[in-house]
Amino acid sequence: QHFRELQSSGLPLIFFDRICHGINASRVVVDDYNGAFNAVSYLVKTGCRRIAFFGSPMHLEISKNRYNGYKDALQQNGLTIDEKLVRICDNREDAERVTPELLLLDNRPDAFFAINDDTAIGILRVVKRSGLRVPDDVSIFGFSDGFRSRASDPQLTSVNQRGQEVGREAVDILISEVEGTLPADKVNKRVVRTEMVIRDTTRKIKD
């Protein structure tokens with residue numbers, strides 16, 4: 001409702017990253033689906049077969065898109081989705097609480113794909129405490145590629161969502177609408193491509 005009130009007052013409105021559906025406004029989003037699809041496909045190519053997914057609640061568009069990328073990557077590589085490995089878990093504290101349950105499974109995960117780096121770092125802490133080796137025993141792939149991915153030990157493999165580019169695109173649309181070079185009543189949609197940053201929490205693809 002508060003977004004509708006802003007629009008009705010004539011104030012330019014741009015969404016970025018997280019979108020409010022039901023509001024017809026310009027937006028800049030990250031290519032969440034392909035970011036997740038490429039990450040999980042990479043894990044499969046390195047030999048991982050039991051890949052867990054830790055995501056946000058599914059009413060969020062980014063979570064749905066990243067889960068669909070995860071699911072499709074498994075299916076296209078001939079792997080079956082095990083719902084026991086799919087959890088709503090999107091922060092470090094919850095990851096440290098949930099991960100031990102999965103590591104105790106008879107057929108435990110050999111990899112985790114997390115919806116963000118904070119969650120991935122929580123997974124990493126638990127896996128290291130359990131005595132398993134990263135990435136030899138368990139691979140971990142995050143999403144966002146923030147500064148913590150480079151500060152973790154070992155350094156975290158992650159999907160770079162290119163946040164600065166998202167910000168530049170959003171401001172470009174906003175300024176163009178304010179200055180009149182883009183019509184304010186037209187919805188402008190832009191998608192920023194992601195890229196994988198391979199570091200030390202995943203195995204390398206063998207030639």
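Are Phe113 and Phe143 buried or exposed? In this predicted model, Phe113 is buried, and so is Phe143. That pair makes a handy way into the aromatic side of the fold, but the overall picture comes first.

The protein has 207 residues, and buried ones make up 48% of them. Its secondary structure runs to seven helices and nine strands. Laid along its principal axes, the C-alpha trace covers about 60 × 35 × 35 Å. If only contacts with a separation of 6 or more are considered, 70% of them join residues 24 or more positions apart. On the outside, the protein exposes about 10600 Å², with carbon and sulfur atoms supplying 48% of that area. As for charge, there are 30 positive and 30 negative charges, and their mean positions sit 3 Å apart.

Now to the rings. The count of aromatic pairs comes to ten. One of them is Phe54 with Phe112: the ring centres are 5.5 Å apart and the planes meet at 80 degrees, which is over the 60 degrees needed, so the pair goes down as edge-to-face. The two partners come from distant parts of the chain, 58 residues apart, with Phe54 in strand S3 (residues 51-55) and Phe112 in strand S5 (residues 111-114). Phe54 has a relative accessible area of 0%, so it is buried. Phe112 also comes out at 0%, and is therefore buried as well.

Back to the opening pair. Phe113 and Phe143 are likewise edge-to-face, at 6.3 Å from centre to centre and 65 degrees between the planes. Phe113 belongs to strand S5 and Phe143 to strand S6 (residues 139-144), so this contact ties together parts that lie 30 residues apart in sequence. Neither ring stands alone, either: Phe113 and Phe143 belong to one aromatic cluster together with Tyr42, Phe53, Tyr67, Tyr70 and Phe141. Phe143 has a charged partner too, since the charged end of Arg66 sits over its ring, 3.6 Å from the centre.

Away from the rings, Ile23 is worth a look. This residue lies in the loop between strand S1 (14-16) and strand S2 (26-30). With a relative accessibility of 6%, below the 20% cut-off, Ile23 counts as buried in spite of its place in a loop. What does Ile23 touch, not counting residues up to four places away in sequence? The list is Phe3, Arg4, Gln7, Leu13 and Phe15. For Arg4 there is a backbone distance to go with the contact: the C-alpha atoms of Ile23 and Arg4 are separated by 7.1 Å, with their positions 19 residues apart along the chain.

Another backbone approach spans a far longer stretch of sequence. Gly167, found in helix H7 (residues 163-179), has its C-alpha atom 7.7 Å from that of Phe16, although the two are 151 residues apart along the chain. Gly167 has a relative accessibility of 29%, which falls between the 20% and 50% limits, so this glycine counts as partly exposed.

The backbone also holds a few oddities for anyone checking torsions. Which peptide bond is cis with omega near 10 degrees? The bond from Val134 to Pro135 is the one, and Pro135 is found in the loop between helix H5 (117-129) and S6. A second cis bond runs from Asp153 to Pro154, with omega near 0 degrees. Pro154 sits in the loop between helix H6 (147-151) and strand S7 (157-160).

Positive phi values turn up as well. Asp17 has a phi of about 70 degrees although it is not a glycine. Asp17 is in the loop between S1 and S2, the loop that also carries Ile23. At 25% relative accessibility, Asp17 is partly exposed. Arg162, another residue other than glycine, has phi near 55 degrees. Arg162 lies in the loop between S7 and H7, and its relative accessibility of 31% puts it in the partly exposed class.

Note on methods
Residues are numbered from 1 along each chain as its sequence is written. This is a predicted model: local features need pLDDT of at least 70, side-chain atom pairs count only at pLDDT 80 or more; totals for chains, interfaces and linings use all residues. Side-chain values use heavy atoms; hydrogens and water are left out. Rings of Phe, Tyr and Trp (its six-membered ring) pair if their centres lie within 6.5 Å; planes under 30 degrees apart count as stacked, over 60 as edge-to-face and the rest as tilted. Helices (H or I, at least four residues) and strands (E, at least two) are DSSP runs, numbered from the N terminus. Buried means under 20% relative accessible area, exposed over 50%, partly exposed in between (1.4 Å probe, protein chains only). A charge sits over a ring if NZ of Lys or CZ of Arg is within 6 Å of the ring centre and within 35 degrees of the ring normal. Contact means heavy atoms within 4.5 Å. Accessible areas come from the Shrake-Rupley method with a 1.4 Å probe; for residues, only the protein chains shown count as cover. Lys and Arg count as positive and Asp and Glu as negative; His and the chain ends are not counted. The place of a charge is taken as NZ of Lys, CZ of Arg, CG of Asp or CD of Glu.
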